[in-house]
Every structure is written in C-alpha cells, then in structure tokens.
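Q: Could you take a close look with me at one part of this protein? I would like to see how a pair of neighbouring helices sits together.

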Amino acid sequence: MATGEEDSSSSGLNLEGIDDVEDFVWGSQGDSESMSLGRFSHLYDLMDMGNKAFRDNRFEEAVNCFSRAHNIKPDDPIILNNRCSAYLRICQFLKSRPPSASEHRPLNGLDPTIHAGLALKDAEHFINIRSQSATPYILKANALILRFEQARDAIISGLQVDASSNALRNLERMTTNLFGRRVHGRPARTDDFDCTLCLKLLYEPITTPCGHTFCRSCLFQSMDRGNRCPLCRTVLFISPRTCAISVTLNSIIERNFPQEYAERKLEHESLTNMGPDLIPLFVMDVVLPCQKLHLNIFEARYRLMVRRIMEGNRRMGMVILDSTTGSVADYACEVEITDCEPLPDGRFFLEVESRRRFHILRNWDQDGYRVAEVEWVQDFSPPEGSKEKYDLLQTTNKVAAYARSWIKVAQETSHRACFPNKSETTRKAVSPSP
Ligand SMILES: [Zn+2]
Ligand SMILES: [Zn+2]
C-alpha cells in the first residue's frame, strides 16, 4: 500500500527557488509616507501574520492575509511575491495529496488548476513591476510547470480512456520532448499492482466476480484445483474461454511500468513458445510417427500444460516411463494437437497426431509437468543397391508379414468372442507362425 510519505515524495512537484516568503521590512518601503502610519502598521501586521502562516504551512490563511495586504497596496512586489508563493504551495499540496486522504477528509475550495492560474497572474504582475529581478520569473516558471503537469495529467487520463488516439499520442510525445519523461505523475510501483498468486506484476489481469484480480494464467492454474477464488473462496463460474482480460487495467499497467511489463510478457511467452529444441512431455505411452489418438486430459498439471501449448505451437512430446530406470524413456515422439475440445469442468478432449521422433537430452520439472531438451532423430537411407539397403528391405518385409498375420489373429479372436460356438479346428488354423 502507498503511504502518505511516499505520495508526497513521488508527486515530485518540487517548487524550485520557492523556499520561503520575503519579510516586509518596517519603514523600508519608501512610499510609506504616502499612507498613514496606522494603515502602514496594519499592512505590516497582515504581512507578518501571512508570513507566519506560510512558515507553518497554513497556506490558505497566508493567502488570505496577503490578499488583504494586496488590497491596501496593490503594486507591492513583496506582497505579490509572497502571495504567489502561497498559491504555488497550495497547488503543490493539492496535486500531491493522495486520493485516500480526500476520502477521509474531503477538501472544499479551489482546485489546483485555479491556484496555478492565480499564481501565474501574480507572477506576471510582479514582472511588470520588477522586470530586472529574476524572482518573478522563477515564480512564473513554477506556475507554468504546475500547469504543464496538468496538461500531462489530461493527456495520460485521455490515453487511459482511448490508448489509440493519435492526437493524444502526439501530444504525449511533444510534452515528453519538451520536458523529458515524466515520472512524477505515475502511480508509485506499490504491491497494489502485484498478483497475489505469483507475487509479480499483474500480467493479463482478470478480475473475478468477487472483485479480486489475478494474472489470467495464475487464476486458471489455481482453478485447476477447484472452482473457488484463491483469495476469498467464493465459488466462481468462469472459464478461461469465457473470461476476458481487464483491458483498461492491463493498459494502465503496461503504460506505467513498461519495462517490468515487457519482462513479464517475455516470461509468459517463454512458457507458451519454448523454443525449437524444448518440448513439454506427456508421460503415458509409446506412439509411432503418423499415429493418431484421442486423449482425455484431466490432471491439473496437464491441463496447465495443454493451455500453454494451445497458446503456442500446439505440440508436445509423448513418452513412456522406463520401468527399469523409473524415469522417462530416452526416445519419444512429438505429437501435434489437431483438435482440442475444452470441457466445462476444465478438462480437455484432444485429438493428436504423432509427427517426429526425438532423443531426450535432459528433462526437468516445470510447474508439475516435465519439459525436455531434445535432439531430433534424423532418418538416413542407405544407398541404392547396397547390402544395407537389401537387409533393410528384407527386415521390412518380414515385419510387414508378421504385422499382417497379427492383425488377422486379432480379427479372428474378436470374431470368436462374438460367436463362441465355432469349432476348435478353426482356432488352430489361424494361430500365427512365430
Ligand atoms: Zn500472477
Ligand atoms: Zn475473491
């Protein structure tokens, strides 16, 4: 949470050269002869009260005193200087006040824009009287900077409503070029922008019906283990397919913390698009290239894996567990998800087709499932007419004949299961040769 301290420092509206007010010196005003002693004494008291109020940070009261003094002596540079400084301080205070402070104690009165305008008017009046002094120019510059900040605020607010507005984008560029990158008006990077599940900057935030916000992937990873809000345990009837990202919040985060957001994006993409030689593994069975099969994905870790795969290249490796070593086999096959049907309860019904074989170089755990670094198996064909080619052909023919007889037996067996009264002789006739 933001503290009041942070807010006043992050507002960054340091008024340069406006540290104190000027003292109104008794009898040094030259034209004191033109007003009665009583009137001058009253003026002196007003200025004294005003300066005390200013130094105690009671700026409204200071303005009040200086204004009364100004009515008595409208062209006095010290009065103008002091009132202008007080207006600037009020403007600075209002601009740096956190919104939470207004909730506890609402302010009545003029807004910062008007105070900056009044300060500007006093500064210009001061310049007309003392154009040879730097002080009125310092006041004028501060007033204009406060107004400039307001222009920036308007541009940023506009961009949060319509990030695609070319006019606002050009204005932002212009003000940035003129004044450098503004950091003051940005919200402080507090943990309000963090996801309570991964404790990192929210990425693709989703706000649940109970009002809690999480990264999209974090929320659905948590919902793989039950359909409740991870924070308040409200039952949620949402799914990754139907739940949209909070677009406005996402663009506010992206705009205000661009570097961190880019890192989060990269992190997310590295999980969905792992790179050419990295592949997530589905540990189940051996598959052969071109084989098609259907899978019912219900385990939480594989649901997460499938969601990530579906955002990427739709490919994973299928591998069997080697019973002798207890770890995954060295060779496996890549499968492509040709059809993915997400079910309302979070399961997936997949149709996959096997593609290339690969050799697993190393594998590790990632969020519960296995990921492997692989090297793709390249087939090589022996030269035409060579002994290797001949042997390979012989082996292929033998395997094909064996496969055909195996299929035949399988068909006969299923046929027998359907018609159990067939004679024993038929059964003998179809037994395969080894
Ligand atoms: Zn998260
Ligand atoms: Zn909740």
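A: Here is a walk from the whole chain to one helix pair, and then to a second pair for company.

This is a predicted model, in which local features need pLDDT of at least 70 and side-chain atom pairs count only at pLDDT 80 or more, while totals for chains, interfaces and linings use all residues. Residues are numbered from 1 along each chain as its sequence is written, and chains are lettered from A and ligands numbered from 1 in the order in which they are written.

Let's start with the overall picture. The protein chain has 14 helices and eight strands; helices (H or I, at least four residues) and strands (E, at least two) are DSSP runs, numbered from the N terminus. Of its 434 residues, 24% count as buried, meaning that 20 or more other C-beta atoms lie within 10 Å of the residue's own, with 12 or fewer for exposed, partly exposed in between, and C-beta atoms placed from the backbone.

Now for the close look. Helix H3 covers residues 59-72 and helix H4 covers residues 77-96; their axes come within 9 Å and cross at roughly 155°. Axes here are lines fitted to C-alpha atoms, for helices over the stretch in contact, and angles run from 0 to 180 degrees between N-to-C directions. That angle is why H3 counts as roughly antiparallel to H4, a label for angles over 145 degrees (under 35 is roughly parallel, 65 to 115 roughly perpendicular, and the rest oblique). H3 passes H4 in a left-handed crossing: the near helix is turned anticlockwise from the far one by less than a right angle, whereas clockwise would be right-handed.

Which residues touch? Among those of H3 are Phe59, Val63 and Phe66, and the H4 side includes Ile79, Tyr87 and Phe93. Two residues are in contact if their C-beta atoms, placed from the backbone, lie within 7 Å. By class, this contact of H3 with H4 has 10 nonpolar, three polar and three charged residues. Ala, Val, Leu, Ile, Met, Phe, Trp, Tyr, Cys and Pro count as nonpolar, Asp, Glu, Lys and Arg as charged, and the others, Gly among them, as polar.

For company, take helix H6 (residues 112-129) and helix H7 (residues 135-161), which pack at about 155° with axes 8 Å apart. H6 is therefore roughly antiparallel to H7. H6 also passes H7 in a left-handed crossing. Pro112 and Leu120 are among the H6 residues in the contact, and Tyr137 and Leu144 are among those of H7. This contact has 13 nonpolar, two polar and three charged residues.
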